[in-house]
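Please open the model in your viewer and keep the sequence beside it, since each stop of this tour begins with something to select.

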Amino acid sequence: MKQKQVHLFSSDFWEKEVEIIERKILEDIQLEGLNCSIEKAKKSEFYGEKLKNIKKIKNFEDIEKIPFTTKDELLKHSPFSFIATDLKNIVRVHSSSGTTGRSKYIFHTQKDIEIWADLVARCLYMVGMRKDDIFQNMMSYGLFTGGLGLHYGAERIGALVIPSGAGNTEKQIELMRELKTTVIHITPSYLLYLAHYMEEIGLSPSNDFNLKIAIIGAEPHSENTRKKLENIFNINIFNCYGLSEMNGPGVAFECPYKEGLHLWEDNYYMEIVNPKTGKILEEGEEGELVLTTLKREGMPLIRYRTGDLTKIIKEKCKCGRTHRRIQRIKGRADDMFIVKGVNIFPSQIETVIMEFPEVDKNYQIVIDRKEGLDILTIQVEIKREFFKGDINELRNLQEKIREKLKERILVTPVVELIEPGTLPTTTGKAKRVIDKRRL
Ligand code: ADP
Ligand code: ZN
């Protein structure tokens, strides 16, 4: 097998002064930004009422006096009640993909769109994308932010953008080959499928393309999945985090060191809180990410509960950027499921199964209840060469996966090994858990 290329990019910056800004100055900017954002937000009908008694905050501790904003509030109130400027200044609306319910609408002014494009450009430049790159955006275009969000950022850098959107895998491959695509943006589950598809039609993901970089985001994935994909394609893969409520992709992004995602603190104020009590946690403790927009005009959001679980990495990053990093998102607080009384995140299961070289690219978690007992089944696609191999070896593998899972998640699952290409695939966000107890 070809040696995996390990190549760190030169530490050039898109906006150097901002990216390596001194913490003290950054904190001053944040405090001012918070007050500014609160005042701006009060111009909206929703916050005008909610924050009417909130005075200027003098330090970061004061922030606990400000109430959270929740997803529920976004859903319950009229979308227009969050607009903090004259409607004539709004130039675009996006909405969430609705993975967990109804859509939330987010409004942007021209300046908001400009700032977002710059933020995304900052991310893309950080991982080595340049003017001469050919960027194929395999995320859905339209209301979903993964399309236009990355599109504008890539254009800002001056790259050639192929707005291919998600799906139509055959066409994607044709575009990649004919236009010599060097960078792609894609969900991790679709990237796994893309590799599978290439292999099925006799193409080598690592040799038959010009790909250098993939940006993956929009859904949780484990470090092992990244490594597996990096090996299959022989490229560098970076994790991109964002949510529509905070514009979309580009809120936090990995740098070439891939040890956490820099969250752009000149644009967002971050807190990590206990998801149950809402108390702010110490730096380094795991909890729910809460974000406040510091610059958005159209629709400022104050102390927004993202529902995403992560922690702040305290150490300074080797790349020199001073914006703190968050650890890859473990999942959403509402992704967690409980089996036999034990709390489990899909990401824990993914980490274990992707450690096995025999495991192919797709898996699914099924939970059922029989005679009052929870049954957790993990269906795992196995690489064709192993799948067709010795039945005893397969049994052995099944046993090893079951044991490893039991050790990590404390519940003994049923492990089903299945043929590659059998499980449903998606070009958007993957649905990994099927909980039949709720059906
Ligand atoms: P929806 O909530 O409808 O899925 P979005 O399309 O705005 O709406 O998705 C944002 C959510 O997607 C985030 O809150 C997070 O849960 C998930 N997400 C986005 N990027 C990542 C990532 N890199 N890793 C893990 N989860 C992610
Ligand atoms: Zn870094």
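Along the sequence, the residues that donate to the zinc ion (ligand 2) follow the spacing C-x6-H-x54-C-x1-C, and since this is a predicted model, what you are looking at is a computed arrangement. Select the zinc ion (ligand 2) together with Cys255, His262, Cys317 and Cys319, whose donor atoms, SG for each cysteine and NE2 for the histidine, lie 2.1 to 2.3 Å from the ion. The angles that these four donor atoms subtend are 100 to 118°, and therefore the arrangement is tetrahedral. Now keep two of these residues on screen, His262 in strand E9 (residues 261-263) and Cys319 in the loop between strand E13 (312-313) and strand E14 (325-326), because they link distant parts of the chain, 57 residues apart. His262 has 0% relative accessibility and so counts as buried, and Cys319 is buried as well, with a relative accessible area of 8%.

Next, select strands E10, E11, E12 and E15, which form an open sheet in that order with antiparallel pairing. At the edges you will find strand E10 (268-273) and strand E15 (331-332), each of which pairs on one side only. Inside the sheet, strand E11 (residues 287-293) and strand E12 (residues 304-310) run antiparallel and are joined by four bridges; to see one of them, select Gly287 and its bridge partner in E12, Thr310. In general, strands of a sheet pair through backbone hydrogen bonds, so showing the backbone atoms is helpful here.

Move on to strand E18 (residues 359-370), where nine of the twelve residues are buried, so that the strand is largely enclosed by the rest of the structure. What does E18 pair with in the antiparallel sense? The partner is strand E19 (residues 373-382), and the pairing extends over nine bridges, with Ile365 and Ile378 of E19 as one pair of bridge partners. E18 and E19 form a hairpin with two residues between them, and Glu371 in the turn has a positive phi of about 45°. E18 also pairs with strand E21 (residues 433-435), this time in the parallel sense and over three bridges, and here you can select Val366 with its bridge partner in E21, Ile434.

For a helix, select H7 (residues 169-178), in which Thr169, Gln172, Ile173, Leu175 and Met176 are buried. If you look down the axis of H7, these buried residues fall within an arc of 160°, and so they line one face of the helix. The face turned away from that buried side carries the exposed residues Glu170 and Glu178.

The last stops concern aromatic rings, of which a search of the whole structure finds eight pairs. Select Phe46 and Tyr47 for an edge-to-face pair, 4.9 Å centre to centre with 75° between the planes, and then add Phe82, which forms an edge-to-face pair with Tyr47 at 6.4 Å centre to centre and 80° between the planes. Tyr47 lies in helix H3 (residues 45-50) and Phe82 in the loop between helix H4 (71-76) and strand E1 (90-95), so this pair ties together parts that are 35 residues apart in sequence. Phe46, Tyr47 and Phe82 form one aromatic cluster; Phe46 and Tyr47 are both buried, and Phe82 is buried too.

Finally, look at two rings with a charge over them: the charged end of Arg130 sits over the ring of Tyr125, 3.5 Å from its centre, and that of Arg305 sits over the ring of Phe68, 4.7 Å from its centre.

Technical notes
Residues numbered from 1 in each chain as written. Chains lettered and ligands numbered in written order. Predicted model: local features only at pLDDT ≥ 70, side-chain atom pairs only at ≥ 80, totals over all residues. Heavy atoms only, no water. Phe/Tyr/Trp six-rings, centres within 6.5 Å; stacked < 30°, edge-to-face > 60°. Buried < 20%, exposed > 50% of the residue type's maximum accessible area, 1.4 Å probe, protein only. Lys NZ or Arg CZ within 6 Å of the ring centre and 35° of its normal. Donors = N, O, S within 2.8 Å, 3.2 Å for Na, K, Ca; no water. Tetrahedral: all angles 85-135°; square planar, octahedral: opposite > 155°, others 65-115°. Pairing = 2+ DSSP bridges. Arc of directions from axis to C-beta.
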